[in-house]
Amino acid sequence: QVQLVESEGGLVQAGGSLRLSCAASGRSLSAYDMGWFRQAPGKERELVARISWSGAVTNYADSVKGRFTISRDNAKNTVYLQMNSLKPEDTAIYSCAAKVRLSQLPYNYWGQGTQVTVST
């Protein structure tokens, strides 16, 4: 079973950048497809970006396309989310999650989440 820990988020001004990382332990991250989710107050959780186990395939929510980049380093057992041109509407709790690769199983391993706040 894999355990996930996100890096600390923070407070950023609109237009700024922030990189989140998600470190895995307990099992090799290469066994999992990974995703970054976010949830803002009063809103449903949203899949922001996802990346296949090898890193070959990535997908993004329309709201972040062109601004966010998901990447992974399986040798370091870490997944990243680079967030550029941040907007106040990006304010949310961000969580990384893992699902068994090449399966239809849901994301069922989650980090604790980290707060990202974008000020005007």
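A salt bridge is taken here as a side-chain nitrogen of Lys or Arg within 4 Å of a carboxyl oxygen of Asp or Glu. The model is a predicted one, and by this rule the count in it comes to 5 salt bridges. Side chains of opposite charge can pair when their charged atoms come close.

Asp90 is a good place to start. Its side chain meets that of Arg38 in a salt bridge, with 2.9 Å from N to O. Asp90 sits in the loop between β8 (78–83) and β9 (92–100) while Arg38 belongs to strand β4, so this bridge ties together parts that are 52 residues apart in sequence. Both ends are tucked away: Asp90 is buried, with a relative accessible area of 1%, and Arg38 is buried too, at 7%.

Asp90 also has a salt bridge with Arg67, and here the closest N and O atoms are 2.8 Å apart. Arg67 comes from the loop between β6 (58–60) and β7 (68–73), and Asp90 from the loop between β8 and β9, so the contact links parts that are 23 residues apart in sequence. With a relative accessibility of 10%, Arg67 counts as buried. Taken together, salt bridges that share partners join Arg38, Glu46, Arg67 and Asp90 into one network.

Another of the salt bridges pairs Asp62 with Lys65, the closest N and O atoms being 3.1 Å apart. As for solvent, Asp62 counts as exposed at 67% relative accessibility, and Lys65 is partly exposed at 49%.

Now for the rings. The structure holds 3 aromatic pairs. One of them is Tyr32 with Tyr109, an edge-to-face pair with 5.7 Å from centre to centre and 75° between the planes. The label follows from the angle, because planes over 60 degrees apart count as edge-to-face. Tyr32 lies in strand β4 (residues 32–39) and Tyr109 in strand β10 (residues 109–110), so the two rings tie together parts that are 77 residues apart in sequence. Tyr32 is buried, with a relative accessible area of 1%, and Tyr109 also counts as buried, at 18%.

Strands β4 and β10 are linked by a second ring contact, between Phe37 and Trp110. Here the ring centres are 4.8 Å apart and the planes stand at 55°, so the pair is tilted. Phe37 lies in β4 and Trp110 in β10, and the pair therefore ties together parts that are 73 residues apart in sequence. Phe37 is buried at 10% relative accessible area, whereas Trp110 is partly exposed at 29%. Add Tyr107, and Phe37, Tyr107 and Trp110 form one aromatic cluster.

Rings meet charges as well. Arg45 lies over the face of Phe37, at 5.7 Å from the ring centre. Elsewhere, the charged end of Arg101 sits over the ring of Trp53, 4.0 Å from its centre.

That leaves the pockets. The largest pocket holds about 150 Å³ of space. Its lining is made up of Asp33, Met34, Arg50, Ile51, Ser52, Val57, Asn59, Lys99, Leu102, Ser103, Gln104 and Tyr107. The elements that give two or more residues to this lining are β4 and β5 (46–51). By type, the lining residues divide into 5 nonpolar, 4 polar and 3 charged. Tyr107, a member of the aromatic cluster with Phe37 and Trp110, is one of the lining residues.

Arg50, another residue of the pocket lining, lies in strand β5. Arg50 is partly exposed, with a relative accessible area of 38%. Arg50 and Ala61 are 11 residues apart in sequence, and their C-alpha atoms are 9.1 Å apart in space.

Terms used
Residues are numbered from 1 along each chain as its sequence is written. This is a predicted model: local features need pLDDT of at least 70, side-chain atom pairs count only at pLDDT 80 or more; totals for chains, interfaces and linings use all residues. Side-chain values use heavy atoms; hydrogens and water are left out. Rings of Phe, Tyr and Trp (its six-membered ring) pair if their centres lie within 6.5 Å; planes under 30 degrees apart count as stacked, over 60 as edge-to-face and the rest as tilted. Helices (H or I, at least four residues) and strands (E, at least two) are DSSP runs, numbered from the N terminus. Buried means under 20% relative accessible area, exposed over 50%, partly exposed in between (1.4 Å probe, protein chains only). A charge sits over a ring if NZ of Lys or CZ of Arg is within 6 Å of the ring centre and within 35 degrees of the ring normal. On a 1 Å grid over the protein atoms alone, a cavity is a set of points where a 1.4 Å probe fits but cannot get out, and a pocket is an open set with protein on both sides within 12 Å along at least five of seven lines; lining residues have an atom within 4 Å of a point. Grid points are joined across faces, edges and corners, and a volume is the space filled by probe spheres set on the points. Ala, Val, Leu, Ile, Met, Phe, Trp, Tyr, Cys and Pro count as nonpolar, Asp, Glu, Lys and Arg as charged, and the others, Gly among them, as polar.
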